Amino acid sequence: KGVVASMFGWYRAPAFVDTVYILAGLAALIALIAALGALGFGAGLDVFPIGEDNNWIDMLRRASGAVAARLLWAIDNRNPLSPWWYIAARKIILGSDAGLLALRYGIAGVLAICSYSVVVTVAGPKARAFALGLAMLIVVWMANRYTEQIIWNFQGALAASLLSVASYAHFVAGRRQRYLLYAVSIVAWFVAFATYTIQCGAVLAIGYLAFRHTPVTQSSALRSIVARARIAFFDTVPYFLLFGLFLLIWQTTMGWGVAESLSLQFSLAGLLGSI
């Protein structure tokens, strides 16, 4: 009886209920698009690959596994994990013209759930309504200026970045006792920026959470600030070390022409330009 009651309570948990709402919203959107297509309107799910989608399909048809990944690296020395998303989804992509579209819709659902998770974890249960509204907005508003579907794995990288922040927030909320969550946060962050390097900024959010939400007991405000800063520093060091090692490996393996144009030499002007 206890197990049944526990399972029933889990099914009634707000996070589970909201996840069902999010997935139901995605299913309703897909059904609406399919219905509009069946009625002859300018919408539908019969979307064939165009633009850069065909480059990926060509690489998947020419080779498999690591060979396909090296085909991308030969023409674009960035984002080393990016081709492995395509390799993992090879059967879906090559099995149907709408395979990439299906992946884009699926990742939209994952991104919505990760966004919901990070908002609720950081802001607390009081932000549930906002988190659910944000997730629904992500599910519905997938339209943008890109006619190709190549952004699907970049959206997956963003989902991994949000998962990294949410896992660390859970770690802090649990009084820093569940170190598995800390490890998940580091690994998810690596997957995010190794797939799409622009996602490296999540470490700033983690540093903020470490500084703001970690409980400390100090007699003065200054000592409290120093203690929080020390915790934030040591918690973010593994992230920065991992990113530094990635940059060294990246510089070692990229082609000569690209390596010269993407120097690791720091400059204040470059930093301000990036910001």
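Good morning. A residue counts as buried when its relative accessible area is under 20%, and as exposed when that value is over 50%. I begin with this cut-off because much of what follows depends on which residues fall under 20%. The structure under discussion is a predicted model.

Let me apply the term at once, to helix α8. The buried residues of α8 are A131, L132, A135 and V139. Around the axis they span an arc of only 95°, so these residues sit on the same side of α8. The other side of α8 has A129, F130 and L137 as exposed residues. As for its dimensions, α8 runs over residues 128–140, 13 residues in total. From first C-alpha to last, α8 reaches 18 Å, close to the 18 Å expected at 1.5 Å a residue.

I turn now to the chain as a whole. It contains 14 helices and zero strands. Read from the N terminus, the order of elements is therefore α-α-α-α-α-α-α-α-α-α-α-α-α-α, given that helices and strands are numbered from that end. The chain has 275 residues, and 37% of them count as buried. Along the principal axes, the C-alpha atoms fill a box of roughly 70 × 60 × 35 Å.

A second helix may be set beside α8. Helix α11 comprises residues 202–213, which makes twelve residues. Its reach from first C-alpha to last is 16 Å, close to the 16 Å expected at 1.5 Å a residue. Which residues of α11 are buried? They are A202, V203, I206, G207, L209 and A210. Viewed down the axis of α11, these buried residues fall within an arc of 160°, so they line one face of the helix. The face turned away from that buried side carries L204 and R212, both exposed.

Next, two contacts between parts of the chain that are separated in sequence. The residue G25 belongs to helix α2, which covers residues 14–38. G25 counts as buried because its relative accessibility is 19%, and the cut-off is under 20%. Its partner in this comparison is A135, which we have already met among the buried residues of α8. G25 and A135 are 110 residues apart along the chain, and their C-alpha atoms are separated by 9.5 Å.

The other pair involves T121, in helix α7, residues 99–123. With a relative accessibility of 18%, T121 also counts as buried. T121 and A173 stand 52 residues apart in sequence, while the C-alpha to C-alpha distance is 8.3 Å.

I come to the cysteines. How many disulfides does the structure hold? The number is zero. C114 takes part in no disulfide, and the nearest cysteine sulfur, that of C200, lies 18 Å away. A disulfide requires two cysteine sulfur atoms within 2.5 Å, so the 18 Å between the sulfur of C200 and that of C114 is too far for a bond. The surroundings of the two residues may also be stated. C114 counts as buried, at 13% relative accessibility, whereas C200 counts as partly exposed, at 26%.

Finally, the open and enclosed spaces. The second largest pocket has a volume of about 490 Å³. Its lining consists of 20 residues, and E52, R78, I150, F154 and Y196 lie nearest the centre. Which helix gives the most to this lining? It is α9, with four residues. At least two lining residues come from each of α3 (53–62), α4 (65–75), α5 (82–88) and α9 (152–173). By residue class, the lining divides into eleven nonpolar, six polar and three charged.

As for enclosed space, there is one cavity of 30 Å³ or more. The volume of the largest cavity is about 40 Å³. Its lining is formed by V47, F48, P49, D53, D97, L100, L101 and Q149. Five of these lining residues are nonpolar, one is polar and two are charged.

To review the main points: this is a predicted model with 14 helices and zero strands. In α8, the buried residues are on the same side of the helix, because they cover an arc of only 95°. In α11, they line one face, since they fall within an arc of 160°. The structure holds zero disulfides, and the second largest pocket is lined by 20 residues. Thank you for your attention.

Technical notes. Residues are numbered from 1 along each chain as its sequence is written. This is a predicted model: local features need pLDDT of at least 70, side-chain atom pairs count only at pLDDT 80 or more; totals for chains, interfaces and linings use all residues. Side-chain values use heavy atoms; hydrogens and water are left out. On a 1 Å grid over the protein atoms alone, a cavity is a set of points where a 1.4 Å probe fits but cannot get out, and a pocket is an open set with protein on both sides within 12 Å along at least five of seven lines; lining residues have an atom within 4 Å of a point. Grid points are joined across faces, edges and corners, and a volume is the space filled by probe spheres set on the points. Ala, Val, Leu, Ile, Met, Phe, Trp, Tyr, Cys and Pro count as nonpolar, Asp, Glu, Lys and Arg as charged, and the others, Gly among them, as polar. Buried means under 20% relative accessible area, exposed over 50%, partly exposed in between (1.4 Å probe, protein chains only). The expected span of a helix is 1.5 Å times one less than its number of residues. The arc is that of the directions from the helix axis to the C-beta atoms.
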